[in-house]
Amino acid sequence: MAEIIGYDEGEARMTWPGLCTALEVGHTLPRAQITDSFLYRGADTLLSRAAWIDGLGLAVKSATIFPGNAARDLPSVNGGVSLYSDSDGTLSAIIDFHLVTKWKTAGDSLLAATKLARKDSRDILIVGAGSVARSLHAAYSSAFPDARFTVWNRSRAGAERLAAACPGVTIADDLETAVRSADIVTSATMATEPLIRGDWLQPGQHVDLIGAFRPDMREADDTALQRARVFVDSRDTTLDHIGELKIPLQSGAISRDTVLADYYDLQGGAFARRTDDEITLFKNGGGAHLDLMTSRYILDAWQARPAP
């Protein structure tokens, strides 16, 4: 019988280090088959993302985006994840959409930071103060327990809400100053024009870009990509699909060789920081294969640990 895993019950059984291990192990398996499909009714959208990894299983993550829900005080994005057995195709679990998305998104960035950021990183800047920012604070705190967090947001009110929800977080009013003084810059915004300037970056920094997901979206400028050693979670879901890389590739500001490695290169050692002085930059593109790996981890954690 398939498990039905809700948000609170599932989250109580998970850890950030456990998820990072699951993501790393998932990338030792054959490269995933992935596909996205869209259905539209006016402003409303159904997005379905599917992935199949030989040896791990299949997942379909369906998201409904109904912008009009905000006027009715309802979430605009809802959905669920169906996880299927790799051996016989039977339904293994139905998992809360928000649980998978939260842990997948922040866990993706955290795994990269554990490989690319300096181990002695202490000052972490969060750019953007939405729901992803809270997840980033929790994730990065697990790997950098002595870190000091700062948040910058276009709206100071949003930054104040994040600081209230995450004690110890300070608010930055000037983005350039905050970027220059950070060891890690993690950005989760809806920007379509670059916010982060390469001229601001300092030796030894790690830059984590999450927000851009459409072909017209960017968070960092060409100079940032040119000054840094660039990595992605998956070449297949970033280079030709997300503006962060697609736009500078089309203009000739960077080449495909600028991207040095993705997570399928973890075992070979290419996905790594070489020196304390270099600038590393990671593009978190998400992808249905990461939803599958995260869902499998959630189910394993659900079945392995007793209820709290």
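**Salt bridges and helix packing in a predicted model**

Biologist: What is the relative accessible area of Arg256, and how is this residue classed?

Modeller: In this predicted model, the relative accessible area of Arg256 is 46%. Buried requires a value under 20% and exposed a value over 50%, with partly exposed in between. Arg256, at 46%, is therefore classed as partly exposed.

Biologist: With which residue does Arg256 form a salt bridge?

Modeller: The partner lies in the loop between H8 and H9, whereas Arg256 lies in the loop between helix H9 (243-251) and S13, so the pair ties together parts that are 16 residues apart in sequence. At 41% relative accessibility, the partner counts as partly exposed. The closest N and O atoms are 3.0 Å apart, and the residue that pairs with Arg256 is Asp240.

Biologist: How many salt bridges does the model have?

Modeller: A pair counts when a side-chain nitrogen of Lys or Arg comes within 4 Å of a carboxyl oxygen of Asp or Glu. By this rule, the number of salt bridges is 22.

Biologist: How far apart in sequence are the parts that the salt bridge between Asp262 and Arg31 ties together?

Modeller: The closest N and O atoms of Asp262 and Arg31 are 3.6 Å apart. Asp262 lies in the loop between strand S13 (259-261) and strand S14 (280-283), and Arg31 lies in the loop between helix H2 (16-26) and strand S2 (33-41). The salt bridge therefore ties together parts whose separation in sequence is 231 residues.

Biologist: Is Asp262 buried or exposed?

Modeller: A residue counts as buried when its relative accessible area is under 20%. Asp262 has a value of 0%, whereas its partner Arg31 counts as partly exposed at 41%. By this cut-off, Asp262 is buried.

Biologist: Which residue of helix H8 meets Asp262 in a salt bridge?

Modeller: The pair links distant parts of the chain, 27 residues apart, with Asp262 in the loop between S13 and S14 and its partner in helix H8 (residues 235-238). The partner is partly exposed, with a relative accessible area of 29%. The N to O distance is 3.7 Å, and the residue is Arg235.

Biologist: Which residues are linked with Asp262 in a network of salt bridges?

Modeller: Asp262 forms a salt bridge with Arg31, and the side chains of Arg235 and Asp262 also meet in a salt bridge. The residues linked with Asp262 in the network are Arg31, Arg235, Asp236 and Asp265.

Biologist: How are helices H3 and H4 oriented to each other?

Modeller: Two packed helices are described by the angle between their axes and the distance between the axes. Helix H3 (residues 97-116) and helix H4 (residues 131-143) pack at an angle of about 40°, with their axes 9 Å apart. That angle makes the orientation of H3 to H4 oblique.

Biologist: Into which classes do the residues in the contact of H3 with H4 fall, and how many are in each?

Modeller: H3 passes H4 in a right-handed crossing. Among the residues that make the contact are Lys102, Ala106 and Leu110 of H3 and Val132, Leu136 and Tyr140 of H4. By class, the residues are eight nonpolar, five polar and one charged.

Biologist: How are H3 and H10 oriented to each other?

Modeller: H3 and helix H10 (residues 288-304) have their axes 9 Å apart and pack at an angle of about 110°. Angles of 65 to 115 degrees count as roughly perpendicular. The orientation of H3 and H10 is therefore roughly perpendicular.

Biologist: How many charged residues does the contact of H3 with H10 hold?

Modeller: Leu99, Val100, Trp103, Lys104 and Asp108 in H3 meet Leu290, Asp291, Thr294, Ser295 and Ile298 in H10. Five residues of this contact are nonpolar and two are polar, while the number of charged residues is three.

Biologist: Is Asp108 of helix H3 buried or exposed?

Modeller: Not counting residues up to four places away in sequence, Asp108 touches Leu23, Trp103, Asp233, Tyr263, Phe282, Asn284, Gly285, Gly286 and Leu290. Its relative accessibility is 0%, and the cut-off for this class is under 20%. Asp108 therefore counts as buried.

Biologist: What is the phi of Asp73?

Modeller: Asp73 is found in the loop between strand S4 (57-65) and strand S5 (77-84). Asp73 is exposed, with a relative accessible area of 71%. Its phi is a positive value in a residue other than glycine, near 60°.

Definitions and conventions
Residues are numbered from 1 along each chain as its sequence is written. This is a predicted model: local features need pLDDT of at least 70, side-chain atom pairs count only at pLDDT 80 or more; totals for chains, interfaces and linings use all residues. Side-chain values use heavy atoms; hydrogens and water are left out. Axes are lines fitted to C-alpha atoms, for helices over the stretch in contact, and angles run from 0 to 180 degrees between N-to-C directions. Helices (H or I, at least four residues) and strands (E, at least two) are DSSP runs, numbered from the N terminus. Angles under 35 degrees count as roughly parallel, over 145 as roughly antiparallel, 65 to 115 as roughly perpendicular and the rest as oblique. A crossing is left-handed if the near helix is turned anticlockwise from the far one by less than a right angle, and right-handed if clockwise. Contact means heavy atoms within 4.5 Å. Ala, Val, Leu, Ile, Met, Phe, Trp, Tyr, Cys and Pro count as nonpolar, Asp, Glu, Lys and Arg as charged, and the others, Gly among them, as polar. Buried means under 20% relative accessible area, exposed over 50%, partly exposed in between (1.4 Å probe, protein chains only).
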